[in-house]
Protein chains: 2
Amino acid sequence: MVQKSKRPPSAAKIEAPVAPKRRGRPRAYEPEVALGKALDLFRRDGFAATSLDDLSAATGMNRPSLYGAFGDKRELYIKSYQRYRDDARAAMVDIFRADAPLRERLERIYRIALDIYLSGESGPRGCFTVMTAASEAVSDPGIRTMVVEGLTELDKAFGICFRHAKERGELPEGADPAALAHLASATIHTIAIRARARVPRGELEAIVKGALDVLCAAK
Amino acid sequence: MVQKSKRPPSAAKIEAPVAPKRRGRPRAYEPEVALGKALDLFRRDGFAATSLDDLSAATGMNRPSLYGAFGDKRELYIKSYQRYRDDARAAMVDIFRADAPLRERLERIYRIALDIYLSGESGPRGCFTVMTAASEAVSDPGIRTMVVEGLTELDKAFGICFRHAKERGELPEGADPAALAHLASATIHTIAIRARARVPRGELEAIVKGALDVLCAAK
DNA sequence: GGAATTAAGTGCGAAATGGTACAAAAAAGT
DNA sequence: ACTTTTTTGTACCATTTCGCACTTAATTCC
């Protein structure tokens, strides 16, 4: 692992995965985990109510380092949101692609969603997209674009699910995959909101079950 | 704190509806309209991003007057939220009570909802409950209680709708009114979120139509 | 007219906030 | 050893924020 010799001039190696041998003083933090901490704060308190002092304390980085690493507060917020979406997508993409019956796929999606929304030491953290949409999206065009992307991405993923299920004959002829997808997204949104209001998981699961009964039966 | 401190010994009369003949200097503002202005600000920017200076400017009241009339910022926020809920309820209660076919009732409810969410000079204002749930509900028990109340109130209103429709034979025997109600609420929530992201009304109406096709399907 | 009462208006102040300048520190290159 | 490069850490600044004292103004009651 310790390929410490100087870079062979001819060898066009891929970026070394470890020990990049940077030039100056080494960082005292890991950007990934610091961003994760920032994400936690933003998710709990929102943009305006999260101060740079809070972020500094949570990440262990002092403000200038924070600024140097991620840019100003808004940039850090956006990077946090991107990170959130990457994580959420990574957690769901396999299930969306899996070749399983409709109901089973949806059940797994909602289980993941509830895990995401309900986790958190100081209360359920909800959905970053919903939080951001609710507050920042009106006034910030850049953030608004990201929110719309996030919403439509989910719509599309569900849409593929339902279209696929219909082709397989799991849904009646008259079923409208797009409409069902929007209802599936709506169910995601409603449980995200309720989770934030500390509605217990059991109730949320009941709401999901009722929704699946309607969406999968759809007759 | 149960008993009112000092009560006028002789005057036990009901509050006069007009010309209350108050004692000191008259107010230079009308509490109702001032609260409305505060509500507008809170809806646009959320709790943390709305400063007392903003509120003071919008209401025309200086800070001490604001404080005297409504209490501190959090109290003003809560009163604004109550006002919002009163307004929204007033706008919908007649429709919920009306004796009309299911689909028509729902269509009217969603039309009102879209009016509420999309109005606003500086962009769509969204739903106060959704905004509040997303940000303040986790950390503030009092606000959380109000949010939960608001959510369940809507669930119940929709629930009555669907139960009534089922009794009238507008829905099939197997229909689950509670599940349908949750989906109807979820549709409210999803359009509130999308409205905040400036999704145009046409798209929101299409989502509503698709949802109604499923919820009223009753095939 | 004067006391009492209620609200408006000015302005203060302590704390917090976002952002940055600047020097010290830790590593690599020469 | 000395320079270069990159980051850290301290300290600071201008502004904003919330809340409140205190004075002034307007009105009713006696």
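# Cut-offs in a protein–DNA model

Modeller: Start with A:T129. Beyond its neighbours within four places in sequence, A:T129 is in contact with A:Y81, A:Y84, A:R85, A:V147 and A:L151. This is a predicted model, where local features need pLDDT of at least 70, side-chain atom pairs count only at pLDDT 80 or more, and totals for chains, interfaces and linings use all residues. Residues are numbered from 1 along each chain as its sequence is written, chains are lettered from A and ligands numbered from 1 in the order in which they are written, and side-chain values use heavy atoms, with hydrogens and water left out.

Biologist: What makes those five residues contacts of A:T129?

Modeller: Contact means heavy atoms within 4.5 Å. A:Y81, A:Y84, A:R85, A:V147 and A:L151 all qualify.

Biologist: Why is A:T129 called buried?

Modeller: Buried means under 20% relative accessible area, exposed means over 50%, and partly exposed lies in between (1.4 Å probe, protein chains only). A:T129 has 10% relative accessibility, so it counts as buried.

Biologist: Where in chain A does A:T129 lie?

Modeller: A:T129 is in helix α6, residues 128-135. Helices (H or I, at least four residues) and strands (E, at least two) are DSSP runs, numbered from the N terminus. Chain A has nine helices and zero strands. Its pattern along the sequence is α-α-α-α-α-α-α-α-α.

Biologist: How much of chain A is buried?

Modeller: Of its 219 residues, 47% are buried. Distant parts of the sequence also meet. Take the contacts in chain A with a separation of 6 or more: 66% join residues 24 or more positions apart.

Biologist: Why is A:A48 called partly exposed?

Modeller: Its relative accessible area is 36%, which falls between the two limits, so A:A48 is partly exposed. A:A48 sits in the loop between α1 (31-45) and α2 (52-59) of chain A. Beyond its close neighbours within four places in sequence, A:A48 touches A:K73, B:A48 and B:A49.

Biologist: What makes a set of residues a nonpolar core?

Modeller: The members are buried Ala, Val, Leu, Ile, Met, Phe, Trp, Tyr and Cys residues, joined through side-chain atoms within 4.5 Å. The largest such core has 135 residues. A:Y117, A:F158, A:F162, B:Y117, B:F158 and B:F162 touch the most other members. Leaving out residues up to four places away in sequence, A:F158 has contacts that include A:F96, A:L106, A:I109 and A:Y110.

Biologist: How many disulfides are there over all chains?

Modeller: A disulfide is a covalent bond between the sulfur atoms of two cysteines. The test is a pair of cysteine sulfur atoms within 2.5 Å. By this rule there are zero disulfides over all chains. A:C161 is in none, and the nearest cysteine sulfur, that of A:C216, is 9.6 Å away.

Biologist: Why is B:C216 not bonded to B:C161?

Modeller: Their sulfurs are 9.4 Å apart, so they are too far for a bond. B:C216 is buried, because its relative accessible area is 13%. A:C161 is buried too, at 1%.

Biologist: What makes a residue count as near a DNA strand?

Modeller: One of its heavy atoms must lie within 4 Å of the strand. DNA strand C is surrounded by 25 residues, with A:L52, A:R63, A:Y67, A:K73 and B:R22 the closest. Of the strand C atoms that come within 4 Å of the protein, 67% belong to sugar and phosphate.

Biologist: Why is the pair between A:R63 and DNA strand C called a polar contact?

Modeller: A polar contact is a pair of N or O atoms within 3.5 Å; within protein, one must be able to donate a hydrogen and the other to accept it, and residues adjacent in sequence count only if both atoms are side-chain atoms. A polar side-chain atom of A:R63 lies 2.4 Å from a base oxygen of DNA strand C. That is inside the limit, so the pair qualifies. A:K73 puts a polar side-chain atom 2.5 Å from a phosphate oxygen of this strand. Here α3 (63-70) of chain A and α3 (63-70) of chain B are the elements giving two or more residues to the surface.

Biologist: What kinds of residue make up that surface near DNA strand C?

Modeller: Seven are nonpolar, six polar and twelve charged. Ala, Val, Leu, Ile, Met, Phe, Trp, Tyr, Cys and Pro count as nonpolar, Asp, Glu, Lys and Arg as charged, and the others, Gly among them, as polar.

Biologist: Which atoms of A:R63 and DNA strand D pair up?

Modeller: A side-chain N or O atom of A:R63 is 3.4 Å from a base nitrogen of DNA strand D. On the same strand, a backbone N or O atom of B:L52 lies 2.5 Å from a phosphate oxygen.
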